[in-house]
Amino acid sequence: MEASRKAARVLLLAAGFAALFGGLAGVVAWGSIAAAYELAYGDGGATRGHTAVLVGVGLAVAAAGCCLYAADRLRFGRRGPAWITCALLVAGLAPAVFGGGTILAPRIAGAGAGSMEIGADVAALAPRWYVPVTAGLAVFAMCAAILVAMLIAVPQRES
């Protein structure tokens with residue numbers, strides 16, 4: 001197997017694990033996220049917080065599964081699934097760079113509170129490690145996806 005394809009497979013797997021760990025970080029901060037939604041929405045806000053965590057975990061598992069599938073297809077020289085996975089990862093994780101919700105930590109906003117307000121409440125009430133870890137994992141996975149796209153764009157060497 002060509003070195004660039006092998007590196008792309010490893011990076012895809014790393015991006016998948018980063019997405020998965022970011023989603024699981026929401027489970028660890030479950031109570032803090034529920035409290036932030038309760039602060040933003042009052043009574044019944046905790047339900048939105050729990051829903052946001054569950055949606056984040058579901059999306060993180062889906063992203064990890066897509067990365068695993070694309071890495072497996074890349075082993076056989078099929079670059080199509082990897083292109084699609086990279087595009088989805090970058091689109092889903094890029095808002096982390098600008099402070100919005102990502103697939104790792106979605107913000108379920110509704111009447112009365114905005115996404116930025118919920119993000120500020122989560123940052124204030126969550127453990128100190130939560131925001132840097134989820135943002136760092138999102139940025140790492142996004143950069144890995146961009147690098148994978150660059151690696152698979154390189155034409156294969158003719159043997």
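## Overall architecture

The secondary structure of the protein chain in this predicted model comprises six helices and zero strands, and when the chain is read along its sequence the elements follow the pattern α-α-α-α-α-α. Of the 159 residues of the protein chain, 41% count as buried, while the surface that the chain exposes amounts to about 7,900 Å², with carbon and sulfur atoms supplying 70% of it.

Contacts that span long stretches of sequence are also described for this chain: among the contacts between residues at least 6 apart in sequence, 75% join residues at least 24 apart.

## Packing of α1 with α6

Helix α1, which covers residues 3–28, packs with helix α6, which covers residues 130–153, at an angle of about 160 degrees, and the axes of the two helices lie 8 Å apart. Because an angle over 145 degrees counts as roughly antiparallel, α1 is roughly antiparallel to α6. The crossing in which α1 passes α6 is left-handed.

On the α1 side, the residues that meet α6 are Ser 4, Ala 7, Ala 8, Leu 11, Leu 12, Ala 14, Ala 15, Ala 18, Phe 21, Gly 22, Ala 25 and Gly 26; on the α6 side, their counterparts are Tyr 130, Thr 134, Leu 137, Phe 140, Ala 141, Ala 144, Leu 147, Val 148, Leu 151 and Ile 152. Sorted by character, the residues of this contact of α1 with α6 comprise 18 nonpolar, four polar and no charged.

## Packing of α2 with α5

Helix α2 (residues 30–41) and helix α5 (residues 115–125) pack at an angle of about 135 degrees, with 8 Å between their axes. The two helices, α2 and α5, are therefore oblique to each other, and α2 passes α5 in a right-handed crossing.

From α2, the contact is made by Ser 32, Ile 33, Ala 35, Ala 36, Tyr 37, Leu 39, Ala 40 and Tyr 41, and from α5 by Glu 117, Ile 118, Asp 121, Val 122 and Leu 125. The residues of the contact of α2 with α5 divide into ten nonpolar, one polar and two charged.

## Ser 32 in its surroundings

Ser 32, which is placed in helix α2, is one of the residues through which α2 makes its contact with α5. Because buried means under 20% relative accessible area, Ser 32 counts as buried with its value of 19%. When its neighbours within four places in sequence are left aside, Ser 32 is in contact with Leu 125, Ala 126 and Pro 127, and Leu 125 is itself among the α5 residues that take part in the contact with α2.

Technical notes: Residues numbered from 1 in each chain as written. Predicted model: local features only at pLDDT ≥ 70, side-chain atom pairs only at ≥ 80, totals over all residues. Heavy atoms only, no water. Axes fitted to C-alpha atoms, helices over the stretch in contact; angles between N-to-C directions. Helix = DSSP H or I, 4+ residues; strand = E, 2+ residues; numbered from the N terminus. Parallel < 35°, antiparallel > 145°, perpendicular 65-115°, else oblique. Left-handed = near helix turned anticlockwise from the far one by under 90°. Contact = heavy atoms within 4.5 Å. Nonpolar A, V, L, I, M, F, W, Y, C, P; charged D, E, K, R; others polar. Buried < 20%, exposed > 50% of the residue type's maximum accessible area, 1.4 Å probe, protein only. Areas by Shrake-Rupley, 256 points an atom, 1.4 Å probe, with all protein chains shown as cover.
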